[in-house]
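Reader: I would like a close look at the side-chain pairing in this model, the charged pairs above all. Please go through them one by one and then turn to the rings and whatever else is worth listing.

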Amino acid sequence: MAFKIIASQCTSCSACEAECPNVAITEKGGTFVINPKKCTECIGYFDIPQCVAVCPVDDTCVIDKAYPRYQAAS
Amino acid sequence: MHASTPQEGASQAGAGPLVTIDAVMQQVAEHKGCGTQGGSGKASCGSAAGQGDLPTEIWEKVKNHPCYSEEAHHHYARMHVAVAPACNIQCNYCNRKYDCANESRPGVVSERLTPEQAARKVLAVASTIPQMTVLGIAGPGDPLANPAKTFKTFELISQTAPDIKLCLSTNGLALPDHVDTIARYNVDHVTITINMVDPEIGAKIYPWVFWNHQRYTGVEGARLLTERQLRGLEMLTERGILCKVNSVMIPGVNDRHLVEVNRAVKSRGAFLHNIMPLISAPEHGTVFGLTGQRGPTAQELKALQDSCEGEMNMMRHCRQCRADAVGLLGEDRSAEFTTEKVMEMEVAYDLEGRQAYQAKVEEERVAKVAAKQEELATLAGAASDITLLVAVATKGSGLINEHFGHAKEFQVYELSTAGAKFVGHRRVDLYCQGGYGDEDSLQTVIRAINDCHAVFVAKIGGCPKADLVSAGIEPVDRYAHEFIEKSAIAWFKGYLEKVAAGEVAHGPRGDAAIRQGALTAA
Ligand code: SF4
Ligand code: SF4
Ligand code: SF4
C-alpha cells in the first residue's frame, strides 16, 4: 500500500511535503500529490505516517488500496 | 440624574449631579501629561503616546513600529508576506481551509508567495509607500514550521531593503530550535501566541501538536506546547530580542486564566501583551465557530486588558491583520499589490527618498504631540471622576479625517481629566459598503460604538446624525482635519463644563459588539 492525498480536501498548506522521509510528496497544479512508487508508508522511519500526522484536515492522507503493502511489495 | 460609568465604581456613588468646574479643576494641576509619568509598572499611556516605563533601548526600537507603538501606527505602515502556509499545531479557532486565525483574519485565502516573489513585493510596496518600515512573516500557518522559506525571505530582504525591520509571528512550538537563526538574521521583534500556561486549559484550545515526528493530543500536547513557548520566550529575551505575546480571549475557556498568562510572560521578559478577541463566526468553520463558542464583548475585552495593565504594557490597537496585509494598520492595500501587479511594477528602491519622507512624518508627529500637550494644559486643574469613551473616524496621521459613512473602523479613546488614551478600535468595514444611507449598516455601526458618548468625524450626513443622536451618541464634526487627541480633550472640557452647568446629565453607555468577520479589502 501507499498513501494518497484526497485532492478536494487538501488545503495546499505544504506541511506534509517537508515531513515525508522519502520525498514522495510534491506540488502539482495547486495541490499536493504522493508518488506511490516512493511512499513507504513511513515504515522503517517512523511509527506513524508523517503525512497523516501533520495534515490539518482529517482523512485527507489515506491508504490507497490500489497498491500492495510496502513491505509485501518489496 | 447622575449615573456613574461602570469603570468609575463606587467612588462616584455619593457624588451629586453637579460638580463645579473650579472644584473640578485641581487634581490634574500636577499632571504632567502622557509619557512623562506612570509608575510602578504601569505606563499611563502604555505604548501609546510616549515612552512610558519602557527602557530607552526598547523604546528606540519600537517607537516607529506600527504594531508596537500605538502612536506610531498612525504614521508608519507594515506589510506581511504569506510565504509560510504549513503549520505544526491545530487550534480550535482556526480553519486552515481559509487562513491562520492566529495572526491574520480568517475567511480570506491568501496568495502564497515564494521567497523571491515576497522579496519583490516588499520592494514594490516600499517604493510606493515610503512610510512602510516593517515586514512581518505571520503565516498563514507557522513561519517556524516553514523555516527554510521564512529565513530565505528574510535573507533576500535584508540584502535588498536593509532599512526595513523584520518581524516574525509564531505559535512557539518550534521556537527553541530557531532562536539562534532568528538572532543571526537580525530579526528585531518576535510575536508568540500564548493562550495558556495551564495544559488542562490548553487541551480545550489545541486538539493536537506535531512535534518530533509525532502527534501529541490533549493535555500532553498542550504541556509540550506551553513548555516550548515559555522556553523560547526566555531564550529570545536573554538574547535581547524583543518579544510581544498575543493571546486570544476565549470566554469561559481562558478569559480569567489570561491574567496568569500575563504574569508568566511578563516575568520572562515579554515587553508587550496583546489580548485579542476570539473571532468565531459559524461560517468560518472553525471548531469554536461550530460549537457556538462566543467571543468577548467590547466591555469584557477592555476589562481584561485593564486588569492586566498594572502588570505590563498592553497593546490595544491590534487589528488581527491578514497574513498578506499591506499598509497602515486598519487599512488594507493588499489588493494593489497582487503578485500579478507586483511583477509588472517598476521598482525603484529609493532609500534616501524614504528617509526624507520619514523625517517629514517625524515632524508631523512632534506637532501632534505638542498640540495635545497644549490642550491638556487647558484642562489642568480639572478634577472629575468622569471617564468616558469616544469613537473617531480616521484615515491615519493622527487626524480626524474620515467621513462617517466611509469609515471602515472607528478608533476608541478613553477620556478623563488625565487626557485621551487610546483603548481600541471597532471595525465596521463589512457593514458600510452600502454607504451610510443604508439603514441596517447604520445600526451595525451604532452597535459597534454603542459604549461611546460621541463620535468624531470629518463629515456626516443629516440622517445618520439624527439617528446617532437618538441612540445617545453625539456626532461631532467641528474638529474636521484636526489632531485627534487635541480635539478629543477640547471636546471633553466642554462636556465637563456642560455637566457642571447641569446642561448635560452624564450617564453610562451600553456595551458594544466586536465584529465577527474578516476584513475584506473593499
Ligand atoms: S506515508 Fe510517509 S512515506 Fe508515504 S507519503 Fe506519507 S510521509 Fe511520505
Ligand atoms: S498536509 Fe494535508 S492539507 Fe497540507 S498539503 Fe499536505 S495533504 Fe494538503
Ligand atoms: S498556529 Fe495558526 S495556522 Fe496553526 S492551527 Fe493555530 S491558528 Fe491555525
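Author: What follows takes the charged pairs, then the aromatic rings, then a few single residues and the ligand shell.

The model is a predicted one. Side chains of opposite charge can pair when their charged atoms come close. Over all chains, the count of salt bridges comes to 7.

Start with Asp177(B), which forms a salt bridge with Arg228(B); the closest N and O atoms are 3.0 Å apart. Asp177(B) belongs to helix 5 (residues 175-184) of chain B and Arg228(B) to helix 7 (residues 218-238) of chain B, so this pair ties together parts that are 51 residues apart in sequence. The arginine of this pair, Arg228(B), is buried, because its relative accessible area is 6% and buried means under 20%.

Helix 5 of chain B also holds Asp180(B). The side chain of Asp180(B) meets that of Arg239(B) in a salt bridge, at 2.8 Å from N to O. Arg239(B) lies in the loop between helix 7 and strand 8 (242-249) of chain B, so the pair ties together parts that are 59 residues apart in sequence. With a relative accessibility of 38%, Arg239(B) counts as partly exposed. To put the two arginines side by side: Arg228(B) is buried, whereas Arg239(B) is partly exposed.

Another salt bridge joins Lys465(B) and Asp477(B), with the closest N and O atoms 3.3 Å apart. Here Lys465(B) is in helix 14 (residues 462-470) of chain B, while Asp477(B) is in the loop between strand 16 (474-476) and helix 15 (484-501) of chain B, so the parts tied together are 12 residues apart in sequence. Lys465(B) is partly exposed at 30% relative accessibility, and Asp477(B) is partly exposed with a relative accessible area of 30%.

Salt bridges also link Lys302(B), Asp306(B) and Glu414(B) in a network.

Next come the rings. A pair of aromatic rings is described by the distance of the centres and the angle of the planes. The count of aromatic pairs over all chains comes to 8. In chain A, the ring centres of Tyr45(A) and Phe46(A) are 6.5 Å apart and the planes are at 35°, so the pair is tilted. Tyr45(A) is partly exposed, with a relative accessible area of 47%; Phe46(A) is partly exposed too, with 23%.

In chain B, Trp211(B) and Tyr216(B) have their ring centres 6.4 Å apart and their planes at 45°, so this pair is tilted as well. Trp211(B) counts as partly exposed at 26% relative accessibility, whereas Tyr216(B) counts as buried at 14%. Phe456(B), Tyr479(B), Trp491(B) and Tyr495(B) form one aromatic cluster.

One charge is placed against a ring: the charged end of Arg215(B) sits over the ring of Trp208(B), 4.0 Å from its centre.

Some single residues follow. Asn212(B) is in the loop between strand 6 (208-211) and strand 7 (214-217) of chain B. Asn212(B) is not a glycine, yet its phi is positive, near 50°. The relative accessible area of Asn212(B) is 48%, which makes it partly exposed.

Asn186(B) likewise has a positive phi, about 60°, although it is not a glycine. Asn186(B) is found in the loop between helix 5 and strand 5 (189-193) of chain B. At 62% relative accessibility, Asn186(B) counts as exposed.

Thr286(B) lies in the loop between strand 9 (272-277) and helix 9 (287-290) of chain B. At 2% relative accessibility, Thr286(B) is buried. Neighbours within four places in sequence aside, Thr286(B) is in contact with Asn92(B), Tyr93(B), Cys94(B) and Asn95(B).

Last is the ligand. Ligand 1 is surrounded by 13 residues, and the closest are Cys20(A), Asn22(A), Cys39(A), Cys42(A) and Cys51(A). By class, the shell around ligand 1 has 9 nonpolar, 3 polar and 1 charged residues. The cysteines named here count as nonpolar under the classes used.

Conventions:
Residues numbered from 1 in each chain as written. Chains lettered and ligands numbered in written order. Predicted model: local features only at pLDDT ≥ 70, side-chain atom pairs only at ≥ 80, totals over all residues. Heavy atoms only, no water. Near = heavy atom within 4 Å. Salt bridge = Lys/Arg side-chain N within 4 Å of Asp/Glu carboxyl O. Helix = DSSP H or I, 4+ residues; strand = E, 2+ residues; numbered from the N terminus. Buried < 20%, exposed > 50% of the residue type's maximum accessible area, 1.4 Å probe, protein only. Contact = heavy atoms within 4.5 Å. Phe/Tyr/Trp six-rings, centres within 6.5 Å; stacked < 30°, edge-to-face > 60°. Lys NZ or Arg CZ within 6 Å of the ring centre and 35° of its normal.
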